[in-house]
Amino acid sequence: MQGKTPFIMALAAGAIAAALGGAYFASQSPQSRPPVTQVPTQSPQSPQSPQSPQSSQSSQSPQPPQSSQSSQSPQSSQSSQPPQTPTPEPIMITPSQDNCKITTAIVADPNPPANVRSSPEVAPNNLLGTLTNGTFLAVTDEQNGWFKITNPVEGWIAKSITESSCSQVTERINFPPNGTSARVTGRIIGGGSHEYLLKASAGQTLNITVSEGALPFVFIPNDPNRQTELTDGGHYTGLQNWSGILPRTGDYQIVLDSNFRGFSYDFLVEVK
């Protein structure tokens with residue numbers, strides 16, 4: 001009996017192990033196993049699915065602007081530069097008609113013909129004759145708004161029905177602060193000379209642009225006899241534009257001369 005005891009115990013242990021093993025495999029049946037989630041693998045050749053615009057935008061947050069751009073606004077960059085002073089428009093220069101001697105006039109009666117009288121007044125018995133518009137008059141005197149004329153007839157004619165200009169004019173061109181140009185306009189009726197003085201420095205450039213009339217003469221400073229003229233002929237060149245570097249510092253004489261019937265003029269003077 002004692003010799004069979006270990007054998008019996010071994011059989012009992014085997015039976016117990018078999019029973020436990022059957023129970024274990026029974027519990028691992030397909031119905032009782034939990035489902036296994038398989039993660040699909042991408043092959044190297046398979047293309048990546050495109051990202052939607054929403055996902056790409058949401059995943060990439062906008063970057064803030066660089067500090068160098070945000071710190072320098074257009075206003076701050078402009079304010080750092082010194083303000084530029086605008087160049088003034090050309091000043092207007094016209095010859096004075098006050099306190100000057102008139103030697104020539106032209107008949108310009110709004111109700112022609114113009115009456116010529118024997119005395120400087122309107123009287124029933126002093127009418128000498130009439131003149132048509134456009135007639136040139138040689139003037140020798142002026143009294144109370146009347147011209148005394150000697151050609152084409154001797155007598156008196158009202159100044160208000162004529163056109164006239166000062167035969168001799170001297171005007172100075174003064175530029176305003178930061179100004180460099182002037183527009184000169186006028187008219188010489190009959191013979192005469194209109195002179196404009198312009199102070200400039202040696203080495204500066206003088207530009208003259210003519211819109212009407214003839215190119216003026218330009219004489220150098222300290223030249224009372226007008227021996228040195230810079231345009232090489234002024235009126236007689238036929239030019240409408242002239243430019244030259246000034247040789248001296250002082251008052252340059254810009255001159256327009258008329259020997260007979262006169263002319264209107266309009267030109268721009270610029271100094272750089």
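Glu195 is buried, with a relative accessible area of 13%. That value falls under the 20% limit, so the residue counts as buried. The model is a predicted one. In it, the Glu195 side chain meets that of Arg226 in a salt bridge, 2.4 Å from N to O. Glu195 sits in strand E11 (residues 192–200), while Arg226 sits in the loop between strand E13 (217–219) and strand E14 (241–245), so the pair ties together parts that are 31 residues apart in sequence. Arg226 is partly exposed, at 27% relative accessibility. The bridge thus has a buried acid and a partly exposed base.

**Strand E11 and its partners**

Where does E11 sit, enclosed or open? Of its 9 residues, 8 are buried, so E11 is largely enclosed by the rest of the structure. Two pairings involve this strand. E9 runs parallel to E11, over 6 bridges. Here Gln168 stands opposite Ser193 of E11. E15 pairs with E11 in the antiparallel sense, over 9 bridges. In that pairing Tyr196 stands opposite Ile254 of E15.

**Rings around Tyr196**

Tyr196 follows Glu195 in E11. Its relative accessible area is 0%, so Tyr196 is buried. The structure holds 6 aromatic pairs. In one of them, the ring centres of Tyr196 and Tyr265 are 6.3 Å apart and the planes stand at 70°, so the pair is edge-to-face. Tyr265 belongs to strand E16 (residues 262–271) and Tyr196 to E11, so this pair ties together parts that are 69 residues apart in sequence. Tyr196 and Tyr265 are both buried.

Tyr196 also pairs with Phe267. This pair is edge-to-face too, with 6.5 Å from centre to centre and 80° between the planes. Phe267 lies in E16 and Tyr196 in E11, so the contact ties together parts that are 71 residues apart in sequence. Phe267 counts as buried, at 1% relative accessibility. Ring pairs link Tyr196, Phe263, Tyr265 and Phe267 into a cluster.

**Salt bridges**

How many salt bridges does a search of the whole structure find? The count is 5. Among them are the three in this table.

| Pair | Closest N to O distance |
|---|---|
| Glu195 and Arg226 | 2.4 Å |
| Arg172 and Asp251 | 2.8 Å |
| Glu142 and Lys159 | 3.1 Å |

Arg172 and Asp251 form a salt bridge with their closest N and O atoms 2.8 Å apart. This pair links distant parts of the chain: Arg172 is in strand E9 (residues 168–173) and Asp251 is in strand E15 (residues 250–258), 79 residues apart. E9 pairs with E11, and E15 pairs with E11 as well. Arg172 is partly exposed, with a relative accessible area of 35%. Asp251 is also partly exposed, at 28%.

Glu142 and Lys159 form another salt bridge, with N and O 3.1 Å apart at the closest. Glu142 lies in strand E5 (residues 136–143). Lys159 lies in the loop between strand E7 (155–158) and strand E8 (162–164), so the bridge ties together parts that are 17 residues apart in sequence. Glu142 is partly exposed, at 36% relative accessibility. Lys159 is partly exposed as well, with a relative accessible area of 29%.

**Lys148 and its contacts**

Lys148 lies in strand E6 (residues 146–151). Is Lys148 buried or partly exposed? Its relative accessibility is 36%, so Lys148 counts as partly exposed. Leaving out residues up to four places away in sequence, Lys148 touches Ala138, Val139, Thr140, Asp141, Gly155 and Trp156. The C-alpha atoms of Lys148 and Ala158 are separated by 9.0 Å, with the two residues 10 apart along the chain.

**The chain as a whole**

The secondary structure comes to 4 helices and 16 strands. The chain has 272 residues, and 31% of them are buried. Of the contacts between residues at least 6 apart in sequence, 71% join residues at least 24 apart. The accessible surface comes to about 18200 Å². Carbon and sulfur atoms account for 53% of that surface.

Terms used: Residues are numbered from 1 along each chain as its sequence is written. Side-chain values use heavy atoms; hydrogens and water are left out. Buried means under 20% relative accessible area, exposed over 50%, partly exposed in between (1.4 Å probe, protein chains only). Contact means heavy atoms within 4.5 Å. Accessible areas come from the Shrake-Rupley method with a 1.4 Å probe; for residues, only the protein chains shown count as cover. A salt bridge is a side-chain nitrogen of Lys or Arg within 4 Å of a carboxyl oxygen of Asp or Glu. Two strands pair if DSSP finds at least two bridges between them. Rings of Phe, Tyr and Trp (its six-membered ring) pair if their centres lie within 6.5 Å; planes under 30 degrees apart count as stacked, over 60 as edge-to-face and the rest as tilted.
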